[in-house]
Amino acid sequence: MFCNQCEQTAKGTGCTTIGVCGKQPEVSALQDLTVYALRGLALVALEARKKGIVDPAIDHYGAKALFTTLTNVNFDPARFQTYINEIVKHRQALAVRAGVSFSTGPASFQPAATLDALGAQAEIAALTADKSDPDIVSLKQTLLYGMKGLAAYADHAAVLGQTDPEVFAFLFKGLAAGYDGVQRDLGQWVELALECGKTNLRAMELLDAGNTGTYGHPVPTQVPLGHRKNKCILVSGHDLRDLHELLKQTEGKGIDIYTHGEMLPTHGYPELKKYPHFYGHFGTAWQNQHKEFPAFPGAILFTTNCIQKPQDSYKDRVFTTGLVGWPGLVHCENYDFSAVIRKALEMPGFTDDAPGKNVMVGFGRNTVMSVAGQVIDAVKSGAIRHFFLVGGCDGAKPGRNYYTEFVEKTPKDTVVLTLACGKFRFFDKELGDIGGIPRLLDVGQCNDAYSAIQIAVALAGAFECGVNDLPLSLVLSWYEQKAVVILLTLLALGIKDIRLGPSLPAFITPNVLNFLVQNYNIKPITTPDEDLKAILG
Ligand code: FSO
Ligand code: SF4
């Protein structure tokens, strides 16, 4: 196996024997083959589009299948076999409708019948099989990982009924690149990667419309970090519809619903918070599930990412849904969470009341813009000197303490906006407020990066300047491919001076890094003191 798609990749270069995430070589090979099969579907879909044939179901299926290869989503070999077979079936049906045929390459790929034989076939699809110039390989991987993130956002939006055929058209174009007979130079691969970022802005806009259109705009909401006496279910991941369906199915059943990880900001949505049994938040970021889950006395449901190998002490009460998979766990299909509910009722639940500390969520674009006048006055009077967007993923590496220390050390006349699971490094810090404006504002999940971008664009409009001229600095942490595509979106928007950590992507070669530094002044994080000094002067 060879996989280098996430930040924790072995030795900072690539996982070659088993994934640091727990991914087995067999699954890694099947993921490579899924991508290869998707490249074949993409070639046919592009031809079909030329003839005016667009099949929304196939478009969405392609995005889902790519999303399932994202880090920490699906570890189940059998599910990948199904994806590969389905992708090829869709490709063949579309080829017949479009009257096209391919005799070589991924569009003619026929999957073997057994998992072992599929594993052997995967060699053609391995990342190491690409012998192009290393900088081109670097950009191809950047594009592929960006597209995995884009596919995730497009799927999240599609689940809520929000789609744009142009988003899927780009996914097909990007997947076909390298197999479409077009010779691209370095600059053209850069252009494709930036187009991926630009398309992602549209996908995130759709997702924002889906979330806020269905569940309302988030409002400032206190979320208890403790618990109360009752049966309980913990929901992890990012998917609001899964959470909503679970809330409906548990109504009046004597079960409280707790969020985990990236589900925390969902407490701010009016259509979700109206359920009285939607109680609080349990635990911190994804990488702490082994430590935290044994203490949760109820059932645990994983939607989207990030799942880690369930430990023996709690694996009988972990359930998956949607694209998440772990071999041997019960997988809930079609929003039927009855198995999760049964397990929660069998479990003891919390046997005492311990409300604990509260944290505030709900500072999406609508809330922040509703106090825009106050924020602008505070900047003009000097009460607010600077904004920091400290966001992105969390992870297990010790270097991620940087983000805790950075936020703790931000001066009292500065405001910290945050989003994604990286916030768990500091989400319960009491930073106080500036004239009633909290100094720590939780914009939401990584899925809400669109909201943060809109806030920056609105501030720039109010100050009649560009986003790069605002007193705003981006200090980002990355882990998986949703973060890769958000970074590409920021670059496509021309955002400069981003600080990125805890380490730079293994798939970026020195020449590609040099390009990013020269054009976008992107830089690795150093120490909180040095970076704060450099930013604030
Ligand atoms: Fe975190 Fe995981 Fe949301 Fe990622 S939970 S690491 S960026 O999946 O998606 O922020
Ligand atoms: Fe390694 Fe990350 Fe790939 Fe898992 S997803 S195999 S940790 S590079």
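Okay, so the lining of the second largest pocket: it splits into eight nonpolar, seven polar and seven charged residues. Keep in mind that what we're looking at is a predicted model. The space in that pocket comes to about 540 Å³. There are 22 lining residues, and if you want to find the middle, go to Lys64, Gly322, Leu323, His331 and Glu333, which are the closest to the centre.

Which elements give two or more residues to this lining? They are α2 (56-67), α3 (77-98), α5, α8 (240-250) and β7 (330-332). Of these, α2 gives the most, with four residues. And where does the pocket sit? Domain 1 (10-213) and domain 2 (221-346) both contribute to the lining, so the pocket lies between those two domains.

Now for the largest pocket, at about 680 Å³. Here 50 residues do the lining, and the closest to the centre are Leu476, Ile486, Leu487, Leu488 and Leu490. How does this lining divide? We get 43 nonpolar, six polar and one charged. The largest pocket takes lining residues from domain 1 (10-213) and domain 3 (363-536), so it lies between them.

Right, on to the rings. The count of aromatic pairs is 19. Take Tyr145 and Phe507: their ring centres are 4.9 Å apart with the planes at 75 degrees, and since anything over 60 counts as edge-to-face, that's what this pair is. What I like here is the sequence separation, because Tyr145 is in helix α5 (residues 134-159) while Phe507 is in the loop between β15 (499-501) and α17 (510-520), 362 residues apart. Tyr145 and Phe507 are both buried.

Another edge-to-face pair is Tyr258 with Tyr279, 5.6 Å from centre to centre and with 70 degrees between the planes. Tyr258 is in strand β3 (residues 255-259) and Tyr279 is in strand β4 (residues 278-281), so this pair ties together parts 21 residues apart in sequence. Are these two buried or exposed? Tyr258 is buried, at 0% relative accessibility, and Tyr279 is buried too, at 15%. Both belong to a cluster linked by ring pairs, together with Phe282, Phe296 and Phe350.

We also have charges sitting over rings. Arg184 puts its charged end over the ring of Trp189, 5.5 Å from the ring centre. Lys423 does this with Phe424, lying over its face at 5.9 Å from the ring centre.

Last topic, the backbone. Most peptide bonds are trans, and most residues other than glycine have a negative phi. So here are some exceptions. The bond from Asn305 to Cys306 is cis, with omega near 10 degrees; Cys306 is in the loop between β5 (299-302) and β6 (318-321). The bond from Gly501 to Pro502 is cis as well, with omega near 0 degrees. You'll find Pro502 in the loop between β15 and α17, and that loop also holds Phe507 from our ring pair.

Then there's phi. Tyr335 isn't a glycine, yet its phi is positive, about 60 degrees. Tyr335 sits in the loop between β7 and α11 (338-346) and is partly exposed, with a relative accessible area of 24%. Ala420 has a positive phi too, near 75 degrees. Ala420 is in the loop between β10 (414-419) and β11 (433-434), and at 2% relative accessibility this residue counts as buried.

Key:
Residues are numbered from 1 along each chain as its sequence is written. Chains are lettered from A and ligands numbered from 1 in the order in which they are written. This is a predicted model: local features need pLDDT of at least 70, side-chain atom pairs count only at pLDDT 80 or more; totals for chains, interfaces and linings use all residues. Side-chain values use heavy atoms; hydrogens and water are left out. Rings of Phe, Tyr and Trp (its six-membered ring) pair if their centres lie within 6.5 Å; planes under 30 degrees apart count as stacked, over 60 as edge-to-face and the rest as tilted. Buried means under 20% relative accessible area, exposed over 50%, partly exposed in between (1.4 Å probe, protein chains only). A charge sits over a ring if NZ of Lys or CZ of Arg is within 6 Å of the ring centre and within 35 degrees of the ring normal. On a 1 Å grid over the protein atoms alone, a cavity is a set of points where a 1.4 Å probe fits but cannot get out, and a pocket is an open set with protein on both sides within 12 Å along at least five of seven lines; lining residues have an atom within 4 Å of a point. Grid points are joined across faces, edges and corners, and a volume is the space filled by probe spheres set on the points. Ala, Val, Leu, Ile, Met, Phe, Trp, Tyr, Cys and Pro count as nonpolar, Asp, Glu, Lys and Arg as charged, and the others, Gly among them, as polar. Domain bounds come from an automatic or database domain assignment.
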